[in-house]
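Welcome, and thanks for taking a look at this one with us. Below is a short tour, from a single loop residue out to the whole chain and back again.

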Amino acid sequence: MSIELSRVEEFALITLNRPDALNALSFALIRDLGHAFDEVAASDARALLITGAGTKAFCAGADIKELTGRSLTAQKEGAEFGQATFAGLDRLPLPSVAIINGYAFGGGLELALACTFRIATKNAKMGLPEIKLGLIPGYGGTQRLPRVIGEARALEMIMTGRTVDAEEAQRIGLVNRLADGDAVAQGIAFAREFSGYSLPVLGFAREAVRRALDNPVNEGLRIEADLSTLAFQTADAVEGMDAFIAKRKPHFKDN
Ligand code: CO8
């Protein structure tokens, strides 16, 4: 298998497992990822963590060796297949954290951008170098990167293909945190900052913020009113407010 799906305490962990190719995204690997996302969605995991096998790379991007000599139809189908798979990650009913433990280039950074959050080891290097291959990103990078770091910075990364180190990535908001030492342990610690809250309510928050970036503000406010009302309807909201008033810890049950 080109990936490994495991359980680490209350979390699902996907490890991209082609270290000899710097965990490059072959089409088979993307297919395996899609199946793993389905499995994770059906599990009781509180969050999904994704990292790369080995010490060098999270993921060096699409497998360039598979991209040459293909028909335009096959190329378009390939881009749409990768986009649909990464959209499935974005829409999982649980939050996800990319643990960028080395290079994250091209499709590798696009995979990380489809996660809810990103943390990076201090030696991590990120970029969308497709322009150097005579290409542009095709797995969501032109759409998700500007939403995360803004238009001007995204255009700079895409049009120069330049590499961003971990510290700059944190400064521009491309990654949420830097990890020092055991990156998976730090991914778990980060996930624990939110994973004890109600999963459906976390889902409403993610949906509201996602829609904010896709809609004019008036429409976004209407969506926020609807989603916050749905949150109010949950038993977890009743429990959270009761616990506050009774000065006790809430016990959320994801309903
Ligand atoms: N694809 C295939 N193999 C790769 C890739 C890749 N993206 N990256 C690295 N490898 C392989 C190398 O070929 C090498 O294999 P071998 O030992 O058999 O020669 C092995 O991994 C180790 O790589 P290097 O020797 O190059 O390692 P270095 O430490 O010297 O360099 C780098 C590391 C800087 C990460 C370098 O490997 C590199 O530049 N890789 C390519 C990065 C890149 O350009 N990524 C973008 C790819 S395009 C993309 O992602 C587009 C997505 C949308 C496509 C939609 C189409 C359907």
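Does Glu9 count as buried or exposed, and what is its relative accessibility? In this predicted model, Glu9 counts as exposed, because its relative accessibility of 55% is over the 50% cut-off.

## Two residues with positive phi

Let us stay with Glu9 for a moment. It sits in the loop that links strand S1 (3–8) to strand S2 (11–16). Its backbone deserves a look too, since phi of Glu9 is near 50°, a positive value although the residue is not a glycine. As a reminder, most residues other than glycine have a negative phi.

Asp254 is another such case: its phi is near 60°, again positive in a residue other than glycine. You will find Asp254 in the segment after helix H11 (235–245). With a relative accessible area of 28%, Asp254 is partly exposed, whereas Glu9 counts as exposed at 55%.

## The chain as a whole

Stepping back, the secondary structure comes to eleven helices and ten strands. The chain has a radius of gyration of 19 Å, close to the 18 Å given by the globule rule for 255 residues, so it is as compact as a globular protein of that length. Along the principal axes, the C-alpha atoms fill a box of roughly 65 × 40 × 35 Å.

How much of the chain is buried? Buried residues make up 44% of the 255 residues. Among contacts with a sequence separation of 6 or more, 68% join residues 24 or more positions apart. The accessible surface comes to about 13000 Å², and carbon and sulfur atoms account for 57% of that area. As for charge, the chain has 28 positive and 32 negative charges, and the mean positions of these two sets are 2 Å apart.

## The nonpolar core

Which residues have the most contacts inside the largest nonpolar core? They are Leu33, Ile50, Ile100, Met126 and Leu174, in a core of 62 residues. Helix H1 (residues 27–41) gives this core its largest share, with seven residues.

Ile100 is a good place to zoom in. Setting aside residues up to four places away in sequence, Ile100 touches Phe58, Ala112, Arg118, Ile119, Ala120, Thr121, Ala124, Met126 and Val175. One of these partners, Met126, is also listed among the residues with the most contacts inside the core.

## Buried spots in loops

Gly106 lies in the loop between strand S6 (103–105) and helix H4 (107–113). Why does Gly106 count as buried? Its relative accessible area is 5%, and the cut-off for buried is under 20%, so this loop residue qualifies. Outside its neighbours up to four places away, Gly106 touches Gly61, Gly127, Leu128, Pro129 and Glu130. The C-alpha atoms of Gly106 and Cys59 are separated by 8.5 Å, although the two residues are 47 residues apart along the chain.

Ser198 has its place in the loop between helix H8 (183–191) and helix H9 (199–212). Ser198 is buried, with a relative accessible area of 3%. Leaving aside neighbours within four places in sequence, Ser198 is in contact with Asp236, Phe252 and Asp254. That brings back Asp254, the residue with phi near 60°.

## Two helix residues

Val184 is found in helix H8, and at 24% relative accessibility Val184 counts as partly exposed. Which residues is Val184 in contact with, leaving aside its neighbours within four places in sequence? They are Leu13, Thr51 and Ile99. Between Val184 and Asn101 there are 9.1 Å in space, C-alpha to C-alpha, for a separation of 83 residues in sequence.

Ala243 belongs to helix H11. With a relative accessible area of 1%, Ala243 is buried. Not counting residues up to four places away in sequence, Ala243 touches Arg248, Lys249 and Pro250.

How values were computed: Residues are numbered from 1 along each chain as its sequence is written. This is a predicted model: local features need pLDDT of at least 70, side-chain atom pairs count only at pLDDT 80 or more; totals for chains, interfaces and linings use all residues. Side-chain values use heavy atoms; hydrogens and water are left out. Helices (H or I, at least four residues) and strands (E, at least two) are DSSP runs, numbered from the N terminus. The radius of gyration is taken over C-alpha atoms; the globule rule is 2.2 Å times the number of residues to the power 0.38. Buried means under 20% relative accessible area, exposed over 50%, partly exposed in between (1.4 Å probe, protein chains only). Contact means heavy atoms within 4.5 Å. Accessible areas come from the Shrake-Rupley method with a 1.4 Å probe; for residues, only the protein chains shown count as cover. Lys and Arg count as positive and Asp and Glu as negative; His and the chain ends are not counted. The place of a charge is taken as NZ of Lys, CZ of Arg, CG of Asp or CD of Glu. A nonpolar core is a set of buried Ala, Val, Leu, Ile, Met, Phe, Trp, Tyr and Cys residues joined through side-chain atoms within 4.5 Å.
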